[in-house]
Amino acid sequence: MSETPSDTELMRECLREAAAAEQAGEVPVGAIVVRGGQIIGRGRNSPIGRCDPSAHAEIVALRAAGAALANYRLVDAELFVTVEPCVMCVGAIIHARLRRVVFGCADPKAGALGSVLDLSNHPAFNHRFAVQGDVCSAEARELLQRFFRRRRGSDDA
């Protein structure tokens, strides 16, 4: 019997998804949905390629997990994502009924799990979920910073 993967191992899967998004010219954010230690959904940012403003890595992964389970309720599932989710993604997390979200680096401009807002325990919502941040945050942050340095034409690497 195999052991349950650690948060760090699972976040490394997200980082691979983020690198693939970067290769496609998208902002490098990657996500996976895990249930019972198994990955049931994968996603990477793809709003440019899909011409879809909702194609954030989290939404893509949640859609894949829902399709895999033939159910939009992802009870007992966890979302791992390289960057703190935005308001739109947290809304989807709440509707999916995830039990936990693990993210890499904080998003001081749009993060909705503690940086700008914290919707994980908002009294208006009838679903609560655990949040763990700062898992492989340096790697996630570096991916983003490198991407935007290159986009601005100021990459020293």
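## Leucine 79 and its neighbours

Let's start with one residue, leucine 79, in this predicted model. Setting aside neighbours within four places in sequence, leucine 79 is in contact with Ala31, Ile32, Val33, Glu58, Ala61, Ile93, Leu98, Arg100, Val101 and Val102.

Leucine 79 also shows up in a bigger group: it is among the residues with the most contacts inside the largest nonpolar core, along with Val33, Leu74, Phe80 and Leu98. That core has 39 residues. Who supplies them? At least two residues each come from helices H1 (7-23), H3 (57-69), H4 (87-96) and H5 (137-152), and from strands S1 (30-35), S3 (77-83) and S4 (100-105).

## Helix H1

Now for one of those suppliers, helix H1. It has 17 residues, and at 1.5 Å a residue they should span 24 Å. The end C-alpha atoms of H1 are 24 Å apart, so the expected span and the model agree.

Which residues of H1 are buried? They are Leu10, Met11, Glu13, Cys14, Leu15, Glu17, Ala18, Ala21 and Glu22. Notice that the list has glutamates in it, such as Glu13 and Glu17. The cover over the buried residues of H1 includes strands S1, S2 (38-44), S3 and S4, plus helix H5. Just after H1 comes glycine 25, which takes a positive phi of about 85°.

## Cysteines without partners

How many disulfides does the structure hold? The count is 0. A disulfide is a covalent bond between the sulfur atoms of two cysteines.

Take cysteine 86 as an example: its nearest cysteine sulfur belongs to cysteine 89 and is 3.8 Å away. The cut-off for a disulfide is 2.5 Å, so this pair does not count as one. For cysteine 105, the nearest cysteine sulfur is that of cysteine 136, 11 Å away, and cysteine 105 is in no disulfide either.

Are these two cysteines buried or exposed? Buried means under 20% relative accessibility, so cysteine 86, at 17%, counts as buried. Cysteine 105 has 2% relative accessibility, so it counts as buried as well.

## Histidine 95, out in the open

Histidine 95 sits in helix H4. Its relative accessibility is 54%, and the cut-off for exposed is over 50%, so histidine 95 counts as exposed.

What does histidine 95 touch, not counting residues up to four places away in sequence? Tyr72 and Arg73. You can also look at histidine 95 together with threonine 82: they are 13 residues apart along the chain, and their C-alpha atoms are separated by 21 Å.

Notes: Residues are numbered from 1 along each chain as its sequence is written. This is a predicted model: local features need pLDDT of at least 70, side-chain atom pairs count only at pLDDT 80 or more; totals for chains, interfaces and linings use all residues. Side-chain values use heavy atoms; hydrogens and water are left out. A nonpolar core is a set of buried Ala, Val, Leu, Ile, Met, Phe, Trp, Tyr and Cys residues joined through side-chain atoms within 4.5 Å. Buried means under 20% relative accessible area, exposed over 50%, partly exposed in between (1.4 Å probe, protein chains only). Helices (H or I, at least four residues) and strands (E, at least two) are DSSP runs, numbered from the N terminus. Contact means heavy atoms within 4.5 Å. The expected span of a helix is 1.5 Å times one less than its number of residues.
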